[in-house]
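Visitor: I would like a close look at one loop residue and then at the enclosed space elsewhere in the model.

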Amino acid sequence: MISRIMLRGTAAAIAIALSTAPAYAGSSESLLQRLHEKGILTDEEYQALLAEEQAEVAAVAAAPAPAAPASFNPEKMVTMTDSGIGFNVGPATIKFAGSVNGFYVHDNPDAAGPTTAVIGGIASVGANSSAVRNGLLPGFLVVNVSTQQEGWDIGATFGMYPGINSAAWGTLGANNGGQPTALATAGIDFRQTFMTFGRKGLGTFKIGRDIGLFGSDAILNDITLLSSGPTGGNVAPANTTLGRIGSGYIYTDFQPQITYSSPTFGGVQASVGVFQPLKSLTDGTDQTNGAPGFQGKLTYDGNFGGVGARLWAGGITQKHKSVLGGSYTGKGVDMGAKLTVGPVTAVGYYYTASGLGTTVLGLFDTDGAGDPRDSDGYYLQALATFGKVSIGGSYGESRLDYANAADALANPTLVDTNSSWVGQARYGLTSWVTLIGEYIHSKAEAHNGNEASSDAVALGGILFF
């Protein structure tokens with residue numbers, strides 16, 4: 001910084017060093033003062049150099065900041081999201097979520113025989129079996145892209161759900177069943193492909209394929225969602241186990257839909273939608289319908305004196321036409337509650353339906369000729385968490401009635417009740433990884449008195465990110 005050097009001997013060398021070093025306010029002045037005090041600089045030299053130094057520091061401070069390169073565009077920068085795994089790029093935020101799980105499952109069922117035959121029963125029969133398989137959830141990778149345009153919050157979601165077991169492709173795609181042979185491949189259940197748009201105070205519209213409304217809270221609050229539950233057959237593992245599907249609730253499924261969800265008012269939110277009508281899996285006379293299916297759900301989230309609560313109620317209806325000229329309507333309602341008190345969370349759920357069937361929508365829904373069967377079911381569960389350890393248990397059952405007397409005569413071994421007990425222990429190894437052990441007792445009872453039961457043990461883990 002010191003450009004004119006009028007010093008003697010050592011002072012000249014020091015001044016030259018100062019002129020080539022970065023300047024910091026006060027550092028050069030302090031050095032000049034020490035040189036003056038030691039007699040190296042005369043009074044006149046000290047005052048002249050001090051004045052010059054102060055002038056140059058002031059000039060640097062007053063100079064404008066260097067301009068950014070002409071090519072710099074902040075909209076083209078890539079930055080991390082505030083939470084989760086993702087990034088912001090241009091006008092969009094892209095986020096990723098995923099899960100991987102696997103369990104060793106040993107199943108000990110009743111032997112197959114005339115008294116253990118139950119059509120529609122969830123309990124396996126036959127010899128003992130072992131498998132390394134997915135639980136109720138397959139793995140998944142979900143990609144979400146969101147942005148704001150002209151005052152609208154816009155999003156697109158793609159959810160891929162691959163299993164670890166090899167799939168036997170058929171009518172149900174990746175969920176058709178297992179194929180534990182060499183050279184087979186796993187299947188990808190592409191469950192989610194939907195768009196959303198909405199704005200504050202208006203609510204959100206969804207168009208595409210996603211989880212249904214009726215029965216969705218039942219499975220999302222089920223403790224077997226993270227584990228196995230009843231296997232649904234362990235010899236040739238499919239993409240998923242049953243969990244509590246069929247022994248407490250009907251599977252909501254992922255369906256094409258156009259739905260609307262309202263803003264939340266005092267913890268209350270309403271959702272309604274039109275859905276692709278589903279053909280019956282049982283009634284051979286069912287045909288494609290001219291009208292869609294309809295579903296709705298009402299939820300409440302709040303707190304009552306330290307008790308966290310989520311309450312919900314939903315409904316579903318769909319008209320089915322028959323190639324024989326008749327028709328029937330599949331319909332149902334469900335309701336449930338999830339309460340959290342300290343370390344304990346409890347869930348209670350109930351549904352009743354006609355023409356919906358049992359286990360999955362449209363399975364055993366009629367007598368095969370268009371007369372609907374009634375059904376109902378429930379489950380109760382509790383989970384207590386202490387630090388990294390959680391202990392839980394649940395019981396549930398699903399019941400199916402005959403459509404009429406002719407149905408009873410024609411189908412004596414039709415399932416009357418499917419039920420299961422589940423005991424579960426979890427250990428949170430890390431924030432991503434949970435280790436799980438589970439005992440499952442499943443039972444199927446037919447209307448004619450036939451019974452089948454199985455006992456299974458599952459050990460494994462699940463990862464979420």
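Visitor: Between which two strands is L183 found?

Guide: This is a predicted model, in which local features need pLDDT of at least 70 and side-chain atom pairs pLDDT 80 or more, while totals for chains, interfaces and linings use all residues. Residues are numbered from 1 along each chain as its sequence is written, and side-chain values use heavy atoms, without hydrogens and water.

L183 is found in the loop between β6 (152-166) and β7 (186-199); strands are DSSP runs of E of at least two residues, numbered from the N terminus. L183 is not a glycine, yet its phi is positive, at about 70 degrees. With a relative accessible area of 86%, L183 is exposed (over 50%; buried is under 20%, with a 1.4 Å probe and protein chains only).

F364, in the loop between β15 (344-354) and β16 (374-386), also has a positive phi, near 60 degrees. F364 counts as buried, at 16% relative accessibility.

As for enclosed space, the whole structure holds 2 cavities of 30 Å³ or more. A cavity is a set of points on a 1 Å grid over the protein atoms alone where a 1.4 Å probe fits but cannot get out, and lining residues have an atom within 4 Å of a point. The largest has about 160 Å³ of space. It is lined by 18 residues, and L278, I316, Q318, L356 and L361 are the closest to its centre. β12 (293-304) and β13 (307-322) each give two or more residues to this lining, with β13 giving the most, 4 residues.

How values were computed:
1 Å grid on protein atoms, 1.4 Å probe; cavity = no way out; pocket = protein on both sides within 12 Å on 5 of 7 lines; lining within 4 Å. Points joined across faces, edges and corners; volume = space filled by probe spheres on them.
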